[in-house]
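Me: I'm new to this structure and would like a close look at just one part of it. Could you pick a spot, explain what we're seeing there, and then follow the trail outward?

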Amino acid sequence: MPVEPRVPPARRVFLTTWAAASLFFVILCGLWSLSTPIPSGPDEPTQYVKATAVAHGTLTGEHRKGFPPGTVLVHVPGTFVLYDPGTGCYYLHPTVPAGCTRPPNAGSDVQATTTYVGEYPPLYYAITGLPTLVSNHPLTRRAMRGMSTVVSSLLLGVALAAAVTWSRSRWLVVGVALAVTPTAVYLASVLNPNGLEISAALAAWTAGVLLVFDHDARPPPGLVAVFAASAVTLALTRPLSPLWLVGIVGALSLIRPAAARRLVADKAVRVGLAVTGAAIAIAVLFVVINGSLSIEKFPLTPGLSDLQVASLVAGRVPLHVWSMVGQFGGPEFTAPSLAVGMWVVGVGALVCVAASISSRWEATVLILTVVGLLVVLPFAATYPEARTHGLVWQGRYQYPAAVGIPLLATALLGKARTNMGRSGGLAATAIVIVHVATFYWVLRRYTVGLGSFVNAFAHVPGGWRPPVSAVVLAGLVTLVSVGSGVWLVSRLRRPLRLEATGPVDLSPV
């Protein structure tokens, strides 16, 4: 008799995949981090001040009379005060390379300064600010980015490992890969809590989708723990994070209500939900007490009609979608049109196919989720106060919720036992092309500018040189990206681990 191959335990598969995936993301995000100057991430100068202040014991700061909403006074070493105009000389000027940057001359003495994210939740900043307790050397700023890269990569690795370990369909692995856009990699590589928020949301979404679609009858304790840990991290990261977590649970409960009811009957799931609820309560309490949702106001031109304001707000919806795929630092600097188009078309095709083969209820929830996240949410968040606050909403704000779109679509494709055929290989190829092309675009923007110079490795007047050779960085990113594509294709060709995950539950929704 032929001997059946022994299936490794789920725990071992999860841990080994998590370690490998996390290492991959650390390397990829680390290469991106070295390829951009400091500061260049969104709001990065103020993030450095906040992280340093929290690490030294100041959770919020002093809000003095006359300060704009959310702005506080803190005391930090001058090394981490990057407000000098010379540090952002290229901001809003994509054709200007970053060679014009000059380091601030503040020294390392403690000084009073302000930060307009002073009232944000402290978790992310407590982690990324740890290097400032060891040294005030300028290289510490790179170490702070490194901490951000590590914690975000661990959660990106969790999402991929969970899909590999507990999914009963190859499609979900593709969904996770599609959810990690160049914007997600970039934000994980700079100092901004949005990177951790996106990574934690992806892990929570992935675990939640697996529970609702594959394991509602007998939820694995390890998978429940993954959901609870990533959900708690998400809730405590940014002021809007608790809202995204409520939306994740709500969307998953709506798309498969019977499965959600079965899950709630499980003791481990109830404990996980209780822990998640406690984290949400703590986060909301912190946000309310500190007024963390307060933002600076950039009023629109007086005299605009309601229709004109609505048109301005609605006109930014495509930009929000665009920026979730590729926006890097300033709003004027985004990924090439071809790269964004490939990503949007790919995810859009998945959603359309998933909706066409699913039940009427599931298709309706999927479409409403897509429209709600991409159109209704940014409009509702901006329009009511657009006259007084301006068009302040950005696509990266809604990205933690929107990562669920490719996951829901691929979960529905897997549930319908849809044959992947060559789609997986095409998706992997497109993902590699977009990541490599976008990285080169970003590298070129900082080294030579997006003007007449196409060669990112050229030596030009005012050009910028990263701490590691640009040629080496581009080569390593290409190698790592191609390797990840090969791994993804090989993973999609392997047989499913049904023996390790338990019998397939074919009970009706």
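Reply: One bit of vocabulary to start: a residue is buried under 20% relative accessible area, exposed over 50%, and partly exposed in between. Bear in mind, too, that this is a predicted model.

Let's start at L92. With a relative accessible area of 47%, L92 falls between those two limits, so it is partly exposed. You'll find L92 in the loop that runs between β1 (72-77) and β2 (110-115). What's odd about its backbone? L92 has a positive phi of about 70 degrees, although it is not a glycine. For background, most residues other than glycine have a negative phi, and most peptide bonds are trans.

Now step from that loop into strand β1, where L73 sits. Is L73 buried or exposed? L73 has a relative accessible area of 12%, so it counts as buried. Setting aside residues up to four places away in sequence, L73 touches G61, E62, R64, F67, A112, T113 and T114. Three of those partners, A112, T113 and T114, fall within the range of β2 (110-115). L73 also lies 8.0 Å from G118, C-alpha to C-alpha, with their positions 45 residues apart in sequence.

A second loop has its own backbone quirks, this time between α1 (10-34) and α2. P39 belongs to that loop, and the peptide bond leading from I38 to P39 is cis, with omega near -5 degrees. D43 is in the loop between α1 and α2 as well. Like L92, D43 is not a glycine yet has a positive phi, in this case of about 60 degrees. A relative accessible area of 29% makes D43 partly exposed.

Moving on into helix α2 (residues 44-55), we meet T52. T52 is at 0% relative accessibility, so it counts as buried. Where does its side chain reach? It comes to the backbone oxygen of Y48, at 2.7 Å. Apart from residues up to four places away in sequence, T52 touches V76, P77, F80, T132 and M144. V76 and P77 bring us back to β1, since their numbers fall inside 72-77.

F80 and T132 from that list lead to T140, as T140 contacts F80 and T132 too. T140 lies in helix α4 (residues 140-166). At 5% relative accessibility, T140 is another buried threonine. Besides F80 and T132, T140 is in contact with P131 and S135, leaving aside its neighbours within four places in sequence. With S135 there is something extra: a polar atom of the T140 side chain lies 3.3 Å from the backbone oxygen of S135.

Further along the chain, we can look at how helices pack. The axes of α5 (residues 171-179) and α7 come within 11 Å and cross at roughly 160 degrees. An angle over 145 degrees counts as roughly antiparallel, which is why α5 and α7 get that description. Their crossing is right-handed. The residues that meet are L172, V176 and A179 from α5, with L202, T206, V209 and L210 from α7. By class, that gives six nonpolar, one polar and no charged residues.

Helix α7 (residues 193-213) also holds F213. F213 is buried, at 9% relative accessibility. Beyond its neighbours within four places in sequence, F213 contacts I255, R256, L408, A411, L412 and K415. L391, by contrast, is 38 Å away from F213, C-alpha to C-alpha, and 178 residues apart in sequence.

The contact with I255 takes us to α9, because that helix covers residues 241-255. The axes of α9 and helix α11 (residues 267-290) come within 9 Å and cross at roughly 150 degrees, so these two helices are roughly antiparallel as well. This crossing is left-handed, whereas the one between α5 and α7 is right-handed. P242, L245 and V246 in α9 meet T276, I280, A283 and V284 in α11. What mix of residues does that make? Six are nonpolar, one is polar and none is charged.

Notes: Residues numbered from 1 in each chain as written. Predicted model: local features only at pLDDT ≥ 70, side-chain atom pairs only at ≥ 80, totals over all residues. Heavy atoms only, no water. Helix = DSSP H or I, 4+ residues; strand = E, 2+ residues; numbered from the N terminus. Buried < 20%, exposed > 50% of the residue type's maximum accessible area, 1.4 Å probe, protein only. Polar contact = N/O pair within 3.5 Å; in protein donor to acceptor, adjacent residues only side chain to side chain. Contact = heavy atoms within 4.5 Å. Axes fitted to C-alpha atoms, helices over the stretch in contact; angles between N-to-C directions. Parallel < 35°, antiparallel > 145°, perpendicular 65-115°, else oblique. Left-handed = near helix turned anticlockwise from the far one by under 90°. Nonpolar A, V, L, I, M, F, W, Y, C, P; charged D, E, K, R; others polar.
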